[in-house]
Every structure is written in C-alpha cells, then in structure tokens.
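This report describes the nucleic acid contacts, the enclosed and open spaces, and one sheet of the structure shown below.

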Amino acid sequence: MKSYRVLSELSELSELETYLKSCEYVAFDTETTGLNPRKDKVIGFSVTGIEGTGYYVPFYNFNVDSAELESLEFLDSCQTVFELLLTKKLIMHNASFDCRMMRANFNLNLIPALYCDTIVLKHTVDEDMPFGLKDIAKRIQNEIGLDVTKAANEEQVAMVASIKQNGGSITKDKYELYKADLKLIGEYACADTDLTLRIFNYYSTILKREGLERFFYKDEVMPLLKEVTIPMEERGVPVDVSALQCAQEEIILDIAKLEKNILDKISPYLPDFERWYLGKNYPPRRSGEFAQKLAEYARLPLPKTKSGRLSLSKSALESCLPNKYAEYLLGGEYLDDHEVLAVSKLCWQDSGSPAIINLLSKHHLKRLFFKILNEKSINKTPTGQPQADTVFLESVRSKYDFVPLLMDFNKLNKLKSAYIDRFLSEQDSGIFYPRFQQHRTVSGRYGGDLMQLPRPLEPGQASEVVTKYTNMIRKFFISGSGYKFIDADYESLEPHVFAHVSGDEGLKDIFRSGKDFYSSIAIATENLNGVSADKKSDNYLGKVDKPLRQKAKAYCLGVPYGLEAFKLSTMLNNSPEECEELIDNYLSAYPKLKSWMEVSNEQCKKFGTVRSEAGRVRHMKKAAAFYHQDRGIYALFDSKGNLYDALTLWKKHHKNESSYKNMKWKRKQMKNYLNNAKNFQIQSLAASITNRACIAISRELRRQGIDGYVCCQIHDQIIVRLPEQESVRFSKTMQYLMENVYKISLPLSAPAQIASDFYEGH
DNA sequence: CGGGCGAGCGCC
DNA sequence: AAAGGGCGCTCGCCCG
C-alpha cells in the first residue's frame with residue numbers, strides 16, 4: 001500500500017527529518033512553474049527513501065480566487081531539511097533540471113549529493129528509447145510490480161481536470177501544472193519520486209550484473225554529468241546579441257533579393273504551376289469560399305447575409321436567372337476552365353500569400369522540376385518519392401540559370417532559421433543556454449543544440465553570400481569581457497581511434513609516420529606508384545591527384561561501417577565490379593582490419609552486445625534473436641552463418657510478396673545491427689576520450705581554483721571559457737589533458753587555441 | 001490548431 | 001535487388 005504525505009503544518013517537518021535520517025538513498029524531484037530555472041519557481045519538492053512512501057513539501061499554493069501563487073511558511077523553514085538532503089545519496093530523474101532549479105531558487109547546490117540520475121542509468125543499460133520517467137516505468141511495470149499505465153492515465157486525467165478547473169492552460173507549450181490543487185500536485189510528486197527510486201533499484205541490479213558500475217559511477221557517466229554537463233547547462237555561453245540582430249536584418253534582405261530574382265527567372269513556368277496549384281487548393285464548388293468568389297466574379301445581384309457574405313440561397317440565386325454562373329451554383333454542370341482558374345485565383349488572393357509558388361516547399365519544387373520541366377530525379381526518398389535535393393540541383397545547375405540562386409536561397413534560409421533566429425529568440429540576457437544530453441545517442445556522445453554549428457568555409461567553397469553568413473554563425477558565440485575561450489580540437493580523432501581499434505599495424509603506422517591517412521590508404525589499396533602520402537613531398541597525392549585522395553575518403557571509414565560496392569559505385573561513378581575489387585584490395589592491404597570486422601560481426605550475432613574499449617555497452621538483443629532463431633526457409637543467414645545478400649534473399653522469397661517484404665525488412669535491421677556494432681566501437685571510444693578529457697579539465701580548473709568551465713563540447717572539440725589572465729597558462733594544461741587522460745596505442749594531438757569567439761582559430 | 005511525420009540538411 | 005554509422009532542427013504537409 002502506498003503512503004504519500006503532503007505536508008500542511010510546519011510541525012510535520014520533524015517527521016520528514018526522521019524519515020530522511022533513516023534512509024541512505026533518497027529520490028528527489030522538484031515541481032515548478034515552468035522549465036526555465038532563471039524565471040520559474042520551485043513550488044515544492046518530493047522525496048522517497050522507501051518504495052511506496054513519500055513526502056511532499058509545498059512552497060507555493062495557487063490561490064484560485066486571486067489567481068496568484070501565494071507563498072507558504074515552508075519556504076522559510078526548510079533549512080534543516082535542505083542540509084539533511086546534502087548528506088544523502090540523491091537519486092533524480094533528469095538531475096540537471098532539478099539541480100539548476102534548486103540552485104537558482106534557493107542557492108542550494110545539490111550536485112555534490114547527487115548520486116544517480118535514472119535517465120543516464122537507464123541509458124547505460126538500455127540505450128534505446130524511451131527516457132521519460134513514466135514511459136520507462138511502463139516498460140518495466142511487471143518487474144517493479146506496479147500498474148504504471150493505469151496510474152499514469154488516472155494521474156493525467158485528474159491533473160488536467162484540476163488545472164482546467166482552476167483556470168489553467170494544459171497545452172504542451174504551456175502546461176500550467178502549478179495551478180492544480182496542492183494536494184494533487186503533492187501526491188503525484190510523491191508518486192514520481194517513488195517511481196524514480198523503483199527504477200533506480202531495478203536498473204542498479206542490471207548495471208551490476210553487466211559489470212557497468214565502474215563505468216557509470218567512477219569512470220564516465222555520473223562524473224561527466226555532475227562535473228561537466230550540469231555546470232555547462234547552468235552557465236551557458238554569451239552571445240553577441242547586436243551582431244545577431246544585424247545579421248537577421250541583413251539576411252532577410254538577401255533572401256528577399258534572391259527570391260525575387262528566382263521568381264523572375266522562373267516566370268515562364270509559372271502559368272503551368274498556377275493551374276496545378278489552384279486546381280488542387282481551390283477546386284470549383286457550389287458552396288463555401290469558391291462559390292462566394294464566383295458570385296463576386298460574376299457580379300450576381302445577391303443580398304448579403306448578417307455576416308456580410310453573399311446569400312447563396314436557392315431563391316436568391318433563382319432571382320438571378322438567366323445567368324450561367326447562377327445556373328452553375330444551382331447545380332448546373334458547365335463552367336469554363338479559364339473562369340474556374342480566375343475564380344480560384346481570387347480565392348488565393350484572399351489568402352494574402354505574396355507568391356503562388358513557395359520556394360521553401362519541397363512539394364512545389366518537385367512539381368516544378370519533375371512535372372513542369374520534366375526533369376528526371378536522381379535519388380528517391382525512403383518512401384519512393386523523387387528527391388529535389390542538393391545532388392539533384394547540382395546536376396541541373398548549369399541547365400537553368402535560377403538553380404544556383406535557388407541553392408543559395410535554400411542555404412540562407414537554413415542558416416537563418418536554424419541558427420540566427422533560434423539563437424536570437426532563445427538567448428536570455430545575452431546568454432545562450434544550450435542543452436547537452438547524455439542519453440540521446442547510443443554511442444555516449446552528447447545530443448544537443450550546439451552540435452550542428454556550421455563549420456567555416458574557405459573562400460571559393462561556396463558562393464560569396466553563403467560563405468559570408470556561414471562564417472558568421474560561430475562568431476555569435478563570444479567569451480565576453482575579461483574572459484577568453486580555449487578551443488581545442490583533436491586532430492582526426494575518429495581515424496586515430498579507428499586505426500587503434502582495428503589493431504592493424506599498417507593503419508597505425510600511417511599515423512606514426514605522420515603521413516596523410518587517406519593518401520596512404522589509396523596508395524596501399526590501389527598499388528599506386530610515383531606518388532607519396534607525405535604531405536611535404538612534391539608528389540604528394542593530395543597535390544598531384546586530388547580526386548584519387550577524395551576517392552579514398554569515400555571508402556576508408558565507409559567500408560568498415562558497412563558501405564558496400566553498389567553504394568560506393570554510385571558515389572564514385574565506377575562500376576560495382578570495380579568497387580568490389582577496390583574493397584577487397586583495401587581489406588587485403590590491412591588484414592587485421594578485416595579480421596576485426598569479422599570478430600565484430602560474430603560478437604554482434606552471437607551475444608547481441610558489443611563493448612567499447614572504454615567500457616560502454618551497445619545492447620542489440622534483437623540481433624542475437626535474429627541469429628539464434630534463424631530457421632529453415634525464413635533463415636537470414638547461410639550455413640556458414642553469414643547474412644544472405646539481397647539478391648539471394650530476393651531469389652528465395654520474391655514470389656511471395658508479403659514474406660519477401662518481411663525478410664527484406666529483417667535483413668535491413670540485421671545489417672544495421674552489424675554495421676552499428678562496428679561503428680559503435682569506434683564512435684563510442686572517441687566519445688569516451690573526449691568526455692573523459694572534459695572531466696579531467698573540469699577537475700583541474702577546480703583544483704587550481706580557476707573560475708572557468710567547459711562551456712561546449714562538439715564531439716572532438718572542447719571549448720573552455722575562463723578568465724583572460726589564466727588562458728595562456730591553462731591552454732597548455734588543457735592540451736596535455738586531452739592528449740593524455742585516455743591513452744590509446746597511438747599518440748593523440750589536440751592543439752589548443754585562445755580565442756574570443758567560436759570562429760577564431762579555424 | 002497542435003501533434004506527428006517525411007524530407008532536407010547541418011554536424012562529427 | 002541492393003545502397004555506411006550517429007545525431008538535431010526546421011520546414012511543409014497531413015490529419016484529427
């Protein structure tokens with residue numbers, strides 16, 4: 001039986017204190033007025049130390065009569081409880097949020113007491129979605145012995161009813177939980193901490209069983225969260241607001257200019273487009289918008305209704321006879337095509353859109369290219385639709401003078417909406433608070449909103465206007481006065497890790513000799529003579545035959561991640577046979593790479609898990625299930641245990657459409673698992689190297705008492721923000737740590753630069 | 001009108 | 001007949 005207590009009297013606090021004293025592990029959760037720690041209030045918190053129990057301490061109550069939050073006496077009397085919390089092992093679900101909320105509201109730093117975040121705990125033993133508290137609980141409800149589904153539904157219904165009754169809003173963007181009845185909030189808050197504790201207990205057993213405790217608590221996950229992630233999200237990065245505003249104004253003008261130019265140039269094709277568009281959106285009708293506009297167009301002498309529209313009643317229309325338009329509206333069949341078009345256009349004009357073709361709509365562009373201009377698409381989307389993507393546009397670039405403009409138009413719009421507009425609208429007093437989520441990728445990389453900052457372009461790589469705005473984006477992030485950034489990128493981290501993980505001495509030697517990775521592989525694979533992989537040599541491949549090096553770039557990492565001859569042939573414009581040979585030669589040149597790939601496949605099939613050298617596990621239960629359940633006619637594997645190729649599968653099953661479809665889907669999944677198993681070992685180790693460097697850097701900053709922090713991590717790049725006077729000295733320390741905290745069999749290099757924005761030094 | 005989704009494109 | 005991994009964000013469009 002569950003027993004949740006919602007405190008109402010100050011005297012009850014001592015009960016809570018006794019409860020806390022008796023528990024070692026305590027689940028903790030805040031209830032708030034919103035998601036912004038800098039603006040929103042903590043209205044109360046709940047704790048659970050024993051499954052099935054919980055306490056809620058309310059700080060605010062929503063007064064329905066005054067429609068205001070009123071503060072309660074617990075607000076000033078919680079010091080003892082707060083201090084007690086700091087002595088516990090706290091369990092939270094999405095701890096970054098609660099920790100930042102508590103510090104912003106009460107200047108209480110819970111990070112030192114934070115023991116486990118159940119989101120990253122769940123992620124460490126099960127990387128796949130979902131990660132919401134209740135969603136996780138639903139998945140394991142049999143194991144934890146609760147009907148979470150039922151309880152969650154009831155809770156949802158009760159909360160929504162209460163919020164609505166008290167005049168609150170329940171939309172996704174504005175969910176005013178704090179307006180629900182206090183008692184209800186309190187009980188459900190306790191239910192949440194109860195779930196959190198149960199989830200913790202459940203996954204802790206698995207963590208231990210899988211030997212992941214050290215990886216989780218000591219080496220990476222929790223230290224990264226406590227010492228890097230939360231501080232990073234809490235402090236944010238300054239942005240240059242006025243530069244953002246200028247850029248926004250400017251790019252709007254440049255986009256408008258491009259749009260006008262494009263519309264002028266495509267005007268010969270627009271009548272065809274218009275016919276299609278109007279016919280689709282405003283087809284002839286005897287009622288509604290079209291009928292109204294038709295009556296207007298025909299100037300029918302009709303009386304007006306109260307709402308100001310023309311009355312299309314039978315008697316009114318009959319009084320207009322004889323008239324072909326009135327006849328049509330009364331049920332007649334005939335209406336002239338060009339008149340239909342004219343009326344549709346009147347309807348469209350009312351919509352107020354500036355142009356009939358929307359250059360942002362892929363739908364519209366596809367119509368233009370594939371139906372009106374009768375071009376053939378190059379690629380198809382996964383759903384079989386023709387694609388009007390950059391590959392296609394590139395192919396018709398010289399054929400139509402508007403296409404280069406359209407490509408620029410696309411890029412500029414992307415830069416505007418994804419970067420300029422977003423950073424401007426989300427910045428808060430000149431600080432952008434990025435998210436860094438440790439559970440969003442299977443590899444243990446961060447997921448977040450700073451991961452896709454465009455990399456700067458060299459002059460000539462793109463048109464002038466695109467280069468201008470692309471190179472602006474990283475400059476918006478500034479260190480601010482008195483502060484500097486130290487910005488350090490690992491030099492080709494993923495290729496280094498790849499060479500290390502493969503265990504192939506030939507691959508490793510490339511880096512040991514300081515030669516160019518792609519050129520070396522091209523020379524070894526294709527038996528090239530008279531060229532060198534030495535970047536300083538006169539006959540350096542990258543200099544004397546750049547396309548050959550580019551070719552190698554396409555397959556060096558692609559092949560180990562599962563790239564096959566057919567796909568490669570489309571990338572290189574070679575025959576599949578040639579590519580088959582190329583791949584064979586590549587793998588023969590580096591025999592350990594080949595055997596590593598085979599071992600990885602075996603591991604994935606037989607056990608359904610792979611482990612990165614740093615200790616993270618990728619769980620692929622289904623891969624092992626496919627392999628071990630593999631029987632008879634529906635087998636995915638041949639007698640040697642190799643995945644059937646697509647052609648064999650087709651031969652075996654194409655006569656039965658549905659089972660072929662099913663087998664194809666299964667094979668695709670299995671192939672994906674096999675590829676992912678290989679990719680994971682490399683990507684995940686690279687992520688661990690960067691993550692552990694971040695932890696070491698944060699610790700060193702703290703040890704030296706420097707007011708600095710890791711403010712951004714983008715896969716193989718770490719940016720620290722710190723006081724200017726410390727920057728030069730600490731940059732050496734930072735570089736040393738990045739190159740040395742996690743040792744692999746090759747030396748790593750991470751040159752550190754001092755900068756005042758994210759662009760400098762690139 | 002909000003949610004969901006496909007398509008496209010940005011990053012490593 | 002098929003066609004490299006990991007992501008996030010934005011858009012337009014569709015649907016209830």
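A residue counts as near a strand if one of its heavy atoms lies within 4 Å of that strand. For the classes used below, Ala, Val, Leu, Ile, Met, Phe, Trp, Tyr, Cys and Pro count as nonpolar, Asp, Glu, Lys and Arg as charged, and the others, Gly among them, as polar. By these classes, the surface near DNA strand B has six nonpolar, seven polar and eight charged residues. The model is predicted.

**DNA strand B**

DNA strand B is surrounded by 21 residues, of which Lys172, Thr381, Thr383, Gln387 and Gln452 are the closest. Helix H19, spanning residues 403–426, gives the most to this surface, with three residues. Sugar or phosphate accounts for 84% of the atoms of DNA strand B within 4 Å of the protein, and bases for the rest. Among the polar contacts to phosphate oxygens of this strand are one from the side chain of glutamine 387, one from the backbone of alanine 388 and one from the backbone of threonine 390.

**DNA strand C**

Around DNA strand C there are 36 residues; Ser361, Phe566, Lys567, Lys664 and Gln683 are the closest. Of the atoms of this strand within 4 Å of the protein, 70% belong to sugar or phosphate and the rest to bases. The contacts include a polar side-chain atom of serine 361 with a phosphate oxygen, a polar backbone atom of glycine 558 with a base nitrogen, and a side-chain N or O atom of asparagine 675 with a sugar or linking oxygen. Two or more residues of the surface near DNA strand C come from each of helix H17 (362–372), H19, H26, helix H30 (646–653) and H31. H31 gives the most, with eight residues. By class, this surface has eleven nonpolar, 15 polar and ten charged residues.

The table lists the distances for these contacts.

| Residue | Protein atom | DNA atom | Distance |
|---|---|---|---|
| Glutamine 387 | side-chain N or O | phosphate oxygen, strand B | 2.6 Å |
| Alanine 388 | polar backbone atom | phosphate oxygen, strand B | 3.3 Å |
| Threonine 390 | backbone N or O | phosphate oxygen, strand B | 3.4 Å |
| Serine 361 | polar side-chain atom | phosphate oxygen, strand C | 2.7 Å |
| Glycine 558 | polar backbone atom | base nitrogen, strand C | 3.1 Å |
| Asparagine 675 | side-chain N or O | sugar or linking oxygen, strand C | 3.5 Å |

**Pocket and cavity**

The second largest pocket holds about 1,300 Å³ of space. It is lined by 31 residues, and Gly562, Leu563, Glu564, Arg667 and Lys671 are the closest to its centre. Helices H26 (565–572), H27 (576–589), H28 (591–607) and H31 (657–703) each supply at least two lining residues. H31, which gives the most to the surface near DNA strand C, also gives the most to this lining, with seven residues. The lining divides into twelve nonpolar, six polar and 13 charged residues.

The structure holds one cavity of 30 Å³ or more. The largest cavity contains about 60 Å³ of space, and its lining includes Val120, His123, Glu220 and Arg616. Helix H4 (118–125) and helix H10 (221–235) are the elements that give two or more residues to this lining, with the largest share, three residues, from H4. Three residues of the lining are nonpolar, five polar and two charged.

**Sheet**

Four strands form an open antiparallel sheet in the order E16-E17-E13-E18. Strands E16 (709–714) and E18 (752–755) are the edges, each pairing on one side only. Neighbouring strands are turned by 25° against each other on average, direction ignored. Four bridges join E13 (residues 483–489) to E18, and aspartate 487 stands opposite glutamine 753 in E18.

Terms used:
Residues numbered from 1 in each chain as written. Chains lettered and ligands numbered in written order. Predicted model: local features only at pLDDT ≥ 70, side-chain atom pairs only at ≥ 80, totals over all residues. Heavy atoms only, no water. 1 Å grid on protein atoms, 1.4 Å probe; cavity = no way out; pocket = protein on both sides within 12 Å on 5 of 7 lines; lining within 4 Å. Points joined across faces, edges and corners; volume = space filled by probe spheres on them. Polar contact = N/O pair within 3.5 Å; in protein donor to acceptor, adjacent residues only side chain to side chain. Pairing = 2+ DSSP bridges. Axes fitted to C-alpha atoms, helices over the stretch in contact; angles between N-to-C directions.
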